[in-house]
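Student: Please take one helix of this model and examine it closely. I should like a connected account of which side is turned outwards, which side is turned inwards, and what surrounds it.

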Amino acid sequence: MKSIVALADCNSFYASCERAMRPDLDGRPIVVLSNNDTMVVAASAEAKAMGIDLGVPLFKIQPLIKKHGIAVFSSNYTLYADLSERVMETMARFVMHYEVYSIDEAFLSLSEFADLDLTHYGKTIREAVKREVGIPVSVGIAGTKTLSKVATKVAKKLTDGVYDIRGNEKAILEKFPVEDIWGIGWQYTKLLHRWGVSTALDFTHLPERWVQKHMTVDGLRTQMELKGIPCLPLQEIRPTRKQMVVS
């Protein structure tokens with residue numbers, strides 16, 4: 001069975017959780033603060049568009065808060081954990097295998113549904129999460145986990161929030177910055193830049209021996225995944241039969 005995997009990534013998760021509890025904040029910029037309320041740890045798309053970066057001290061954005069009526073929240077990790085669980089339970093109904101990767105991300109196996117229109121299926125999953133939990137999700141579909149990470153970054157820029165990269169990998173990778181590849185940290189980024197590698201496509205063209213020598217077997221796995229060769233299986237969680245639904 002050919003590998004098809006989707007990454008479902010909640011958009012601006014902490015801010016979206018606060019908005020889910022306060023529908024009146026729809027369209028209004030939101031920031032979430034650290035435990036001691038000193039810096040921004042999450043920001044809605046509207047707040048990011050104003051230039052508010054994660055990690056910025058609260059006092060530096062006070063003028064923006066007053067000018068634009070930005071809603072400010074202290075972190076509520078109990079709420080975030082609860083809504084995360086509900087998001088995962090909702091998505092699990094649509095697949096046979098999935099992996100919870102973080103509080104706001106999950107890999108979903110779509111291999112069993114290869115005959116379906118998977119872009120439409122991704123939209124169905126996305127709409128269910130939004131309708132039932134109130135959290136917006138972006139879905140990237142690909143042949144490997146690493147490519148699904150790339151696809152999700154594209155999906156986040158689309159109105160419908162779903163992107164299937166299959167068949168268009170080269171066009172996307174040639175514009176995708178090497179530093180944004182999942183698993184490529186700043187040290188490897190500096191190394192790759194020194195060797196003239198600036199895009200994900202450049203990285204796929206490096207000799208495999210060079211990659212393994214300088215970036216270990218983990219770097220080689222990343223390169224293989226970008227070439228469409230699955231090397232990172234799902235750490236599977238199988239939903240019960242009662243959880244499954246296919247529409």
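Tutor: On helix 5, the face turned away from the buried side carries the exposed residues H120 and R131. Here buried means under 20% relative accessible area, exposed over 50%, and partly exposed in between, with a 1.4 Å probe and protein chains only. The model is a predicted one, in which local features need pLDDT of at least 70 and side-chain atom pairs count only at pLDDT 80 or more, while totals for chains, interfaces and linings use all residues. Residues are numbered from 1 along each chain as its sequence is written, and side-chain values use heavy atoms, with hydrogens and water left out.

Helices (H or I, at least four residues) and strands (E, at least two) are DSSP runs, numbered from the N terminus. Helix 5 comprises 16 residues, 118-133, and reaches 22 Å from its first C-alpha to its last, close to the 22 Å expected at 1.5 Å a residue; the expected span is 1.5 Å times one less than the number of residues. Its buried residues are L118, Y121, G122, T124, I125, A128, V129 and V133. They lie on the same side of helix 5 because they cover an arc of only 155° around the axis, the arc being that of the directions from the helix axis to the C-beta atoms. An α-helix has 3.6 residues a turn, so residues three or four places apart point the same way.

At the N-terminal end, D117 caps helix 5 through a side-chain oxygen 3.2 Å from the backbone nitrogen of T119. A polar contact is a pair of N or O atoms within 3.5 Å; within protein, one must be able to donate a hydrogen and the other to accept it, and residues adjacent in sequence count only if both atoms are side-chain atoms. After helix 5 comes G134, with a positive phi near 90°.

The buried residues of helix 5 pack against helix 1 (13-21), helix 4 (77-92), strand 6 (105-109), strand 7 (137-142) and strand 8 (162-164), where contact means heavy atoms within 4.5 Å. Of these neighbours, helix 1 is itself mostly covered, with seven of its nine residues buried: F13, Y14, A15, S16, C17, E18 and R19. Those residues pack against strand 1, strand 2 (30-33), strand 3 (40-43), helix 2 (45-49), strand 4 (71-74) and helix 4.

What larger assembly of side chains does helix 5 join? A nonpolar core is a set of buried Ala, Val, Leu, Ile, Met, Phe, Trp, Tyr and Cys residues joined through side-chain atoms within 4.5 Å. The largest such core has 34 residues, and M91, L108, L110, I135 and I141 have the most contacts inside it. Strand 1 (5-10), helix 1, helix 4, strand 6, helix 5 and strand 7 each supply at least two of its residues. Helix 4 gives the largest share, seven residues. The core draws at least three residues from each of domain 1 (5-11 + 78-168) and domain 2 (15-77); domain bounds come from an automatic or database domain assignment. M91 touches helix 5 directly: leaving aside neighbours within four places in sequence, its contacts are A8, A106, L108, I125 and V129. Apart from this core lies another, of 27 residues, among them L191, L192, L206 and L220.
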